[in-house]
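The exercises below ask you to work from the coordinates towards a reasoned reading of ring pairs, packing and local backbone. Each task is followed by a solution that goes step by step.

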Amino acid sequence: MKKLSRREAMRTIGAAGAGVTLAGMTEAVAQIPAAPAFRGQHQIKPLPFDPAKLKGISEKLIRSHHENNYSGAVRALNFVEQRLDAMMKDKDLPAYVYGDLKREELVRTGSLTLHEIYFANLGGDGKAAGDVLEAIKKAFGSYEQWEAEFKRTGNALGGGSGWVILALNFHTGEPHNYWAWDHMHNAPFSRPLLAMDMYEHAYQMDYGAAAGKYVDAFMQNVNWEEVNRRFTSAQKAAEALKA
Ligand SMILES: [Fe+2]
């Protein structure tokens, strides 16, 4: 069997369709059904709110974000999982070639997850309430101090990429705002409660480079009922983890 160079292997993977047969794989091996981990059957979730009713974020932008960036990540993750399945059946494939696609899998997994969290925490009235508000006050001194830090972290990412994530850190037991440069940056062992997309595609259509205006608009649309639901379920998980 001829050994593939890294470039040749990637070209083979990229050019292949759904029924790909890689070098090093017999026809019989190629036909073994994919295990659940490699099925590539993630489904695109519809927007959970009326995109025409957000304050300061246009329907055109939200639909573009959902249809291109989020949906694109779901489709890409499905493709990557199927390619990984095919690659695992190729005993001659170099591990470093496999590693390239594993990195891509992590990028797309983070994008799918954070975008679904993001869209589900929009569509509200922006008024914080519930147990999560009390936890925020306890951790940050006041809601205003929490909001100022959350927004400043977002503004720090303006013009670049990334996420701001209010998360319940299971290790410390406290809510905290985290900076994330990309879809793979997450505080370890934490449950995202509120995610704000700071990639330019989240605001450029409406605000150009004025990321701060988008941050202000985002805060007006936070669905705190959903954030509170996440917090109360995460708290139960945190209690169970202590036991
Ligand atoms: Fe996005």
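**Exercise 1. Find which residues Phe218 is in contact with, leaving aside its neighbours within four places in sequence, and place Phe218 in the core**.

Solution. Working in this predicted model, begin with the contacts of Phe218, which, once neighbours within four places in sequence are left aside, are Ile57, Tyr118, Asn121, Leu122, Phe150, Leu194, Ala195 and Met196. Next, turn to the largest nonpolar core, which has 52 residues and in which Phe218 is among those with the most contacts, together with Trp146, Phe150, Leu194, Met198, Tyr214 and Trp224. Apart from this core lies another, of seven residues, including Leu84, Met87, Leu93 and Val97.

Then consider the helix itself: the buried residues of H8 are Ala211, Tyr214, Val215, Ala217, Phe218 and Met219, and they pack against helix H4 (95-120), H6, E3 and H7. In an α-helix there are 3.6 residues a turn, so residues three or four places apart point the same way.

**Exercise 2. Classify the aromatic pair formed by Tyr143 and Trp224, and then the pair of Tyr203 and Tyr214, as stacked or edge-to-face**.

Solution. The structure holds 14 aromatic pairs. For Tyr143 and Trp224, the centres lie 6.2 Å apart and the angle between the planes is 70°, which makes the pair edge-to-face. This pair links distant parts of the chain, with Tyr143 in helix H6 (residues 143-156) and Trp224 in helix H9 (residues 224-242), 81 residues apart. Both partners are buried, because the relative accessibility is 14% for Tyr143 and 3% for Trp224, and the cut-off for burial is under 20%.

For Tyr203 and Tyr214, the ring centres are 5.3 Å apart and the planes lie at 25°, so this pair is stacked. It too links distant parts of the chain, eleven residues apart: Tyr203 belongs to the loop between strand E3 (190-197) and helix H7 (204-207), and Tyr214 to helix H8 (residues 211-220). Tyr203 is buried at a relative accessible area of 0%, and Tyr214 is likewise buried at 0%.

As a last step, place these rings in their wider setting: ring pairs link Tyr143, Trp224, Tyr203 and Tyr214 into a cluster that also includes Tyr70, Tyr118 and Phe119.

**Exercise 3. Decide whether His183 is buried or exposed, and identify what its side chain makes a polar contact with**.

Solution. His183 has its place in the loop between E2 and E3, and with a relative accessible area of 11% it is buried. Not counting residues up to four places away in sequence, His183 touches Val107, Gly110, Ser111, Leu114, His115, Trp163 and Tyr199. With one of these, Trp163, the contact is polar and runs from side chain to side chain at 3.1 Å.

The loop between strand E2 (174-180) and E3 also holds Phe189, whose relative accessibility of 47% counts as partly exposed. Phi of Phe189 is near 60°, a positive value in a residue other than glycine, whereas most residues other than glycine have a negative phi.

**Exercise 4. Establish where the pLDDT is below 50**.

Solution. Start from the whole chain, which averages a pLDDT of 91, with 90% of the residues scoring at least 70. The pLDDT is below 50 over residues 1-20, a stretch that has 25 contacts in the model beyond near neighbours in sequence. Where pLDDT is low, the predicted coordinates should not be read in detail.

Note on methods. Residues numbered from 1 in each chain as written. Predicted model: local features only at pLDDT ≥ 70, side-chain atom pairs only at ≥ 80, totals over all residues. Heavy atoms only, no water. Phe/Tyr/Trp six-rings, centres within 6.5 Å; stacked < 30°, edge-to-face > 60°. Helix = DSSP H or I, 4+ residues; strand = E, 2+ residues; numbered from the N terminus. Buried < 20%, exposed > 50% of the residue type's maximum accessible area, 1.4 Å probe, protein only. Core = buried A, V, L, I, M, F, W, Y, C linked by side-chain atoms within 4.5 Å. Contact = heavy atoms within 4.5 Å. pLDDT = per-residue confidence, 0-100. Polar contact = N/O pair within 3.5 Å; in protein donor to acceptor, adjacent residues only side chain to side chain.
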